[in-house]
Each structure stands twice: as structure tokens, then as C-alpha cells.
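Me: I am new to this model and would like a careful look at one part of it, the cysteines, and then a wider walk around the rest. Please explain each term as you come to it.

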Amino acid sequence: MKKIGVAILGATGSVGQKFLELLAEHPQFEVKELAASEKSAGKKYKEATNWIMQKALPLNFSDMIVKECQPNLKSKIVFSALDASVAGEIEEDFAKAGYIVISNARNHRYDPNVPLIIPEVNSDHLEMIKFQKYGDGAIITNPNCSTIGLVLALKPLHENFVIESVNVVTLQAVSGAGYPGLPSMDIIDNSIPFIGGEEPKMEKEPLKILGRLNTKGQVDFADIVISAQCNRVAVNDGHLECVQVKLKKKPSIEEMINSWINFKAEPQKLNLPSAPKNPIYYFHEEKYPQPKIHRNLEKGMAAAVGRLRECPLFDYKFVVLSHNTVRGAAGGTILIAELLHAKGYLPDE
Ligand code: NAP
């Protein structure tokens, strides 16, 4: 099968590198262009980036010349891993010029006709693209990394028992702050009870993702109250989240667990290349899930849930873990692109 050419904007950063690692042998997409800031443009990729992935830098990328993020690239599909300080304008320029932009940045997540997608949760929201004003171009967004793990765990509960309120406390990995991220003296032997902008994102993004698409191609937000507290901890990859939920119809513990382990959605039915066989795994061992042990479940695309128990304040409490740079960033975005492809939203080249 002929592969579809794609470009990576922000290719030199930590999410950009993860895109390259995951796309190196992708069956449907081939990375043809890499772009980053003026500082990197014109250099060979291996000189512009400080490669921090576990797999060796694929040879076909190392000598590629990094381009500027201008909408004059040949590939019409672009994955954006741009810093939020510049992503808004650059992504819009690309969409206006007819490119399909699938973004990790926060900038366009609340634009009225821009879908905020977790493929297992709200694939129907892709319809919103038809209402965008970009002609052949479009912007599709991937949610915040901690939102994705949370909402994967909430979706089956909301579908079956209707969620009223959620309290969540996160323990987030350092890779979530990009590269080089926090100074080592700030984070070694430490936890930091603040991540700029993270709590408002976790309190609002799930409402759009779990909301209902209306006839104007916009989303009526879900009627759920969420309170979030976000902490940075000395873990490389994998965000752990302690969640409390109040449900309209309180189920049994067994029903809760069954709703997670039986959960399958469109990516699984379509057998998309990056889709995990099971989006959610439940662990009965009291000490699980843990980032070091479970973050790479199904190549980092599945969420691990455990510690479900009664809660004296809400109905239940549990823990969810997901890989922040795979499911929470590059892997989740690639899964969105695979879904777009399967549903006929992408041009062939
Ligand atoms: P990062 O390591 O800081 O990388 C940022 C990228 O943006 C680099 O490639 C950088 O290129 C490029 N860039 C910066 N200024 C630019 C400019 N003026 N013009 C063009 N390119 C420019 O950040 P990251 O962690 O990979 O995150 C990338 C995006 O994904 C952010 O919006 C972030 O919020 C989001 N995100 C991150 C995670 C995560 O777990 N890390 C998860 C979900 C979403 P140079 O190297 O040339 O400066």
C-alpha cells in the first residue's frame, strides 16, 4: 500500500522525537519533512536535536534538513508538536493554506468547530471538521496528556452510570514538561505541587470530549463538575491520577470493573494500527498500577486502572495511569490520524 506523506512541526522537541520513533515503521504514514524553529531550520536533524528516545535515531531522519514552519511544505498532513507560544498562529496558517493539522498544542482546543478527540471516546466529533472555515484544510486537536488518561477511565463509567462529579489528584512525569524541562536540582528528591495551566485544562477538556455534538457542528459540554490538583513528581514517563467519582446510578464494584475491561470502541472495531486491543486494563493487586511497571502496556497506548474502592466522600475512588508522551501526545495523535484515514477524511498524498 502506498504510504501517505506527513510532516512534523516541532520535530526537534520531546513530543516531536516521539512522533519520529512511532512513525519510523508506520504502515500508513511516511515522514517526509521535519520542521522546527529558525534556530534549527537549515541544519541536519541529528545536529538540530538532542535525541533522547530509547530507540536509535532512524537513519532516514538523521540527515534530513530541518525546515521552517511555513505552509510551503509538500506533505498536506502535518502533525504539530509545537510549543504553545507559537502553535496557535502557525497551525492556523497551515489550515488556511489547505493542510490538515493534527495538533498536540492547547491553542485551538476550544475553538467552536475544532474537535478535541480521544478516538475511543468521541470519534463522532470528527464531523465538526465539516463546519470549519479552512476549505480543504482543517485543525484537529489531541487533548492534554493527563486529560487523556482520566477520560479513558471515565468514558465507560459515564456511558453506563452517568458521572455527576469528579475529584482528581495527579502525580505527573517530568517528560510532560518537554525537553530539557525542569532543572534537575528542582525535581530530584522532590515533588512540586504546581503545573502551570494544568488544572483548568483537566477541569474543562473532559467536558468537551464527553459532550454531545450539536447541529451547528459544536459541542454541548457534558454536565459534570471536575476538581483537579496537579503535581509534578520525579518519574520519567507516565502520569498517575487518583480519582474520586460520584455517579447518578451507583453500580457495584464488579459492574465498575466490568465496564472498564469490556470497553472497546471504534479504533478497536476498525483495527487501527496504533489501537490497543484493550484500551483499559484493570489490576487487582493493591499496589498497582505503577508508572515504571505499567506505562508501556500495549506499547504505551492502554490505560491501567486499579485500586477501586468505596469512597466516604464520593461513590468510588480508583487510580489510573497512562503514558504521557505516547497515549497522551504522539501516539494519541497518530491514532487520530489513523481514524481520519479510515473514515475518509485524509487526501491520499
Ligand atoms: P518541547 O520539547 O519544548 O519542543 C517544542 C518544539 O517547538 C521544538 O521542536 C521547538 O523547535 C519548536 N519551536 C519552539 N519555538 C518555535 C518557533 N518560534 N517556531 C517553530 N518551532 C518552534 O515541547 P514538547 O514537550 O515536545 O511539547 C510540544 C507540544 O506538545 C506543546 O504544545 C506541549 O504542550 C504539547 N504536549 C506535550 C506533552 C508531553 O508529555 N511532553 C503531552 C501532551 C502535549 P526548536 O528545537 O527549533 O526550538
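How many disulfides does the count come to here?

Reply: The count comes to zero disulfides, where a disulfide is taken to be a pair of cysteine sulfur atoms within 2.5 Å. Cysteine 311 is accordingly in no disulfide, and the nearest cysteine sulfur, which belongs to cysteine 242, is 12 Å away. In general, a disulfide is a covalent bond between the sulfur atoms of two cysteines. Cysteine 311 is buried at a relative accessible area of 8%, and cysteine 69 is buried as well, at 13%. Here buried means under 20% relative accessible area, exposed means over 50%, and partly exposed lies in between, with a 1.4 Å probe and protein chains only.

Before going further, it helps to know that this is a predicted model, in which local features need pLDDT of at least 70 and side-chain atom pairs count only at pLDDT 80 or more, while totals for chains, interfaces and linings use all residues. Residues are numbered from 1 along each chain as its sequence is written, and side-chain values use heavy atoms, with hydrogens and water left out.

The ligand is a good next stop. It is surrounded by 27 residues, of which the closest are Thr12, Val15, Ser37, Ser40 and Leu82; a residue is counted here if one of its heavy atoms lies within 4 Å of the ligand. The side chain of threonine 12 has an N or O atom 2.6 Å from an oxygen atom of the ligand, and the side chain of serine 37 likewise has an N or O atom 2.6 Å from a ligand oxygen. With valine 15 the partner is a polar backbone atom, 2.8 Å from an oxygen atom of the ligand. The protein covers 80% of the 910 Å² of accessible area that the ligand has on its own, where accessible areas come from the Shrake-Rupley method with a 1.4 Å probe and, for residues, only the protein chains shown count as cover.

The make-up of this shell can be described by class, by helix and by domain. It has 12 nonpolar, 13 polar and two charged residues, where Ala, Val, Leu, Ile, Met, Phe, Trp, Tyr, Cys and Pro count as nonpolar, Asp, Glu, Lys and Arg as charged, and the others, Gly among them, as polar. Helix H1 (14-23), helix H4 (84-96) and helix H12 (326-342) each supply at least two of the shell residues; helices (H or I, at least four residues) and strands (E, at least two) are DSSP runs, numbered from the N terminus. Domain 1 (4-144 + 330-342) and domain 2 (145-323) each contribute at least three residues to the shell, with domain bounds that come from an automatic or database domain assignment.

Away from the ligand shell, the loop between strand S5 (100-103) and helix H5 (119-122) holds histidine 108, and arginine 106 lies in the loop between S5 and H5 too. Histidine 108 counts as buried at 5% relative accessibility, whereas arginine 106 is partly exposed at 47%. The side chain of histidine 108 makes a polar contact, at 2.6 Å, with the side chain of aspartate 111; a polar contact is a pair of N or O atoms within 3.5 Å, and within protein one must be able to donate a hydrogen and the other to accept it, while residues adjacent in sequence count only if both atoms are side-chain atoms. Arginine 106 and asparagine 142, 36 residues apart along the chain, have C-alpha atoms separated by 8.4 Å.

The backbone also has some details to look for. Tyrosine 179 and proline 180 are joined by a cis peptide bond with omega of about 0 degrees, and proline 180 lies in the loop between strand S7 (163-172) and helix H7 (184-187). Another cis peptide bond, with omega of about 5 degrees, joins tyrosine 288 and proline 289, and proline 289 lies in the loop between strand S13 (280-283) and helix H11 (291-294). Lysine 299, although not a glycine, has a positive phi of about 55 degrees; it lies in the loop between H11 and strand S14 (303-310) and counts as exposed at 73% relative accessibility. Arginine 307, also not a glycine, has a positive phi of about 55 degrees, but its place is in strand S14, where arginine 307 is partly exposed at 34%.
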